Amino acid sequence: MTKISELHNKWLKNADYSAAYEALDDEFALASAVIEARSRAGLTQEELADRMQTKQSVVARLESGHVMPTTRTLEKIAKATGSRLKISFEPEPAHHVT
């Protein structure tokens, strides 16, 4: 049986797959950060939603990585989880041509 990690590594050699995967990286990193902040605060999705004065389904969509939250929403998440929001711009890594 082939492991998903082996397939992923094989597919990364395909330029279209690699580009699509990289395009999603930021979205999933943000979703992961939201999940981490909620977990660190010991909150369920419903509890976070209550603190943000929204619905649990909104939190679920944010954590899915398919919705890009506004800065205002990120500020609500930070306040509700007892976190500090930090946004930064980082230089792109150099792309090496092989």
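This is a conversation about how terms are applied to a predicted model.

Trainee: Let's start with the salt bridges. How many does the structure hold?

Mentor: There are two salt bridges in this predicted model.

Trainee: What makes the pair Arg40 and Glu36 a salt bridge?

Mentor: The closest N and O atoms of Arg40 and Glu36 are 3.2 Å apart. The cut-off is a side-chain nitrogen of Lys or Arg within 4 Å of a carboxyl oxygen of Asp or Glu, so the pair qualifies.

Trainee: Where do Arg40 and Glu36 sit relative to each other in helix H2?

Mentor: They are four residues apart in helix H2, residues 15-40, so about one helical turn separates them.

Trainee: Why is Arg40 called exposed, and what is Glu36 called?

Mentor: Exposed means over 50% relative accessible area, and Arg40 has 57%, so the word fits. Glu36 has 47%. Partly exposed covers the range between 20% and 50%, so Glu36 is called partly exposed.

Trainee: And how do you know that Arg38 and Glu63 form a salt bridge?

Mentor: Their side chains meet at 2.5 Å, N to O, and the limit is 4 Å, so this pair counts too.

Trainee: Which parts does the pair of Arg38 and Glu63 tie together?

Mentor: Arg38 belongs to helix H2 and Glu63 to helix H4 (residues 56-64), so the salt bridge ties together parts that are 25 residues apart in sequence. Both Arg38 and Glu63 are buried.

Trainee: Now the surface. Which residues form the negative patch?

Mentor: Glu22, Asp25, Asp26 and Glu92 form it. Asp and Glu count as negative, so the patch takes that name.

Trainee: How do you know that Glu92 is accessible enough for a patch?

Mentor: A patch residue needs over 30% relative accessible area. Glu92 has 66%, so it passes, and it also counts as exposed. Glu92 is found in the segment after helix H5 (71-81).

Trainee: What about Pro93: buried or exposed?

Mentor: Pro93, also in the segment after H5, has 56% relative accessibility, and the cut-off is over 50%, so it is exposed. The C-alpha atoms of Pro93 and Ala49 are 36 Å apart, with their positions 44 residues apart along the chain.

Trainee: Let's turn to Thr81. Why is it called buried?

Mentor: Buried means under 20%. Thr81, in helix H5, has a relative accessible area of 9%, so it is buried.

Trainee: What makes the pair Thr81 and Ser83 a polar contact?

Mentor: Their side chains make the contact at 2.9 Å. The distance limit is 3.5 Å, so the pair meets it.

Trainee: Why is Gly65 called buried?

Mentor: Gly65 has a relative accessible area of 2%, under the 20% limit, so the label follows. Gly65 lies in the loop between H4 and H5. From Gly65 to Asp16 the C-alpha distance is 20 Å, with the two 49 residues apart in sequence.

Trainee: One last residue. What makes the phi of Gln53 worth a remark?

Mentor: Most residues other than glycine have a negative phi. Phi of Gln53 is near 60°, which is positive.

Trainee: Where is Gln53 placed, and why is it called exposed?

Mentor: Gln53 is in the loop between helix H3 (45-52) and H4. Its relative accessibility is 75%, over the 50% cut-off, so Gln53 is exposed. The C-alpha atoms of Gln53 and Pro91, 38 residues apart along the chain, are 35 Å from each other.

Technical notes: Residues numbered from 1 in each chain as written. Predicted model: local features only at pLDDT ≥ 70, side-chain atom pairs only at ≥ 80, totals over all residues. Heavy atoms only, no water. Patch = residues over 30% accessible without salt bridge, like charges linked within 9 Å, V, L, I, M, F, W, Y side chains within 5 Å. Areas by Shrake-Rupley, 256 points an atom, 1.4 Å probe, with all protein chains shown as cover. Charge placed at Lys NZ, Arg CZ, Asp CG, Glu CD. Helix = DSSP H or I, 4+ residues; strand = E, 2+ residues; numbered from the N terminus. Buried < 20%, exposed > 50% of the residue type's maximum accessible area, 1.4 Å probe, protein only. Polar contact = N/O pair within 3.5 Å; in protein donor to acceptor, adjacent residues only side chain to side chain.
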